[in-house]
Amino acid sequence: FNSLPIMFEVMILFAFMLIMFGTIATQLLGGHLGKRCMAYDPLEEVVVAALGDDQAEVMCMRQSQCDLAKIEYGIKDYEVRCEVYENPMQNTYSFDNILLSVLNIFQIITLEGWTDMMYLVREAEGTFAYDLFFTSCVVLGSFVILNLMIAVQASYLDKAFDEEDARQLAIEEKKKQKDEFKKQLQEEQSIGDQVDGADEEEEEP
């Protein structure tokens, strides 16, 4: 319980970091994971979000990315456009609002699937520039904040162990002093009995 005030301050720092990175992610990546290269037939009656024989979803931010995908997948009979579709993982991988951004930043900090999220952003943007953002989240969040929490708990745990050891030493010292006092009393009583016995022998005729 002694560590709770410090842990509360660390949690405030952790919440501030989540909100800060969530805000940055919303500004940088908002709406960037929801677009796909959509293939339309000439009559625009059929929409195909997955391209090619392997049914791969091609993420995009610019039309030029879909033009390259059209060439890569050998699509000739369809017009391919970069349009809004849906976010990955049933709309959970998203930075469209602050709540989803904070949720995904927390997931990145736990190191659970953060590389998959980074690769999706890299595919959508077509650049490695945003890798620095994800790396910063991991370094500051996982390696600094979470380890700071562990360090606080470990330091107070060591302090508690030291206090317990000191208490045990004090108890042992008090017991030792008590035993020495009893021994001294017994010795004094034994000497007193010997003196009384000697006096009685002298008084006998």
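Okay, quick definition before anything else: when I say buried, I mean under 20% relative accessible area, exposed is over 50%, and partly exposed is whatever falls in between. With that cut-off, Arg81 counts as buried, because its relative accessible area is 19%. And keep in mind that this is a predicted model.

So let's stay with Arg81. Which residues does Arg81 form salt bridges with? One partner is Glu79, with the closest N and O atoms 3.2 Å apart. The other one I want to show is Glu83, where the closest N and O atoms are 3.6 Å apart. Glu79 is partly exposed, since its relative accessibility is 42%. Glu83 also falls in the partly exposed class, at 24%. Arg81 has a ring to deal with as well: it lies over the face of Tyr40, 4.3 Å from the ring centre.

How many salt bridges are there by this rule? The count comes to three. Besides the two at Arg81, there's one where the side chains of Asp131 and Arg122 meet, at 2.5 Å from N to O. Asp131 is buried, with 13% relative accessible area, and Arg122 is partly exposed at 23%. As for networks, shared partners join Glu79, Arg81 and Glu83 into one.

Next up, the aromatics. The structure holds four aromatic pairs. Take Phe14 and Phe106: they pair edge-to-face, 6.3 Å centre to centre, with 70 degrees between the planes. That pair links distant parts of the chain, with Phe14 sitting in helix α1 and Phe106 in helix α4, residues 98-109, and the two positions 92 residues apart. Are these two rings buried or exposed? Phe14 is buried, at 7% relative accessibility, while Phe106 is partly exposed, at 40%. Then there's a cluster, in which ring pairs link Phe21, Phe95, Phe133 and Phe134.

Last stop, the surface. Have a look at Leu13, Phe16, Met20, Ile24, Leu28 and Leu148, which make a nonpolar surface patch of about 480 Å². Where does the largest share of that patch come from? From helix α1, residues 4-29, which gives five residues. Met20 is in helix α1, and it counts as partly exposed because its relative accessibility is 33%. Helix α1 is also where we found Phe14, the buried half of that edge-to-face pair.

That's my tour; back to the structure if anyone wants to look at Arg81 again.

Definitions and conventions: Residues numbered from 1 in each chain as written. Predicted model: local features only at pLDDT ≥ 70, side-chain atom pairs only at ≥ 80, totals over all residues. Heavy atoms only, no water. Patch = residues over 30% accessible without salt bridge, like charges linked within 9 Å, V, L, I, M, F, W, Y side chains within 5 Å. Areas by Shrake-Rupley, 256 points an atom, 1.4 Å probe, with all protein chains shown as cover. Salt bridge = Lys/Arg side-chain N within 4 Å of Asp/Glu carboxyl O. Helix = DSSP H or I, 4+ residues; strand = E, 2+ residues; numbered from the N terminus. Buried < 20%, exposed > 50% of the residue type's maximum accessible area, 1.4 Å probe, protein only. Phe/Tyr/Trp six-rings, centres within 6.5 Å; stacked < 30°, edge-to-face > 60°. Lys NZ or Arg CZ within 6 Å of the ring centre and 35° of its normal.
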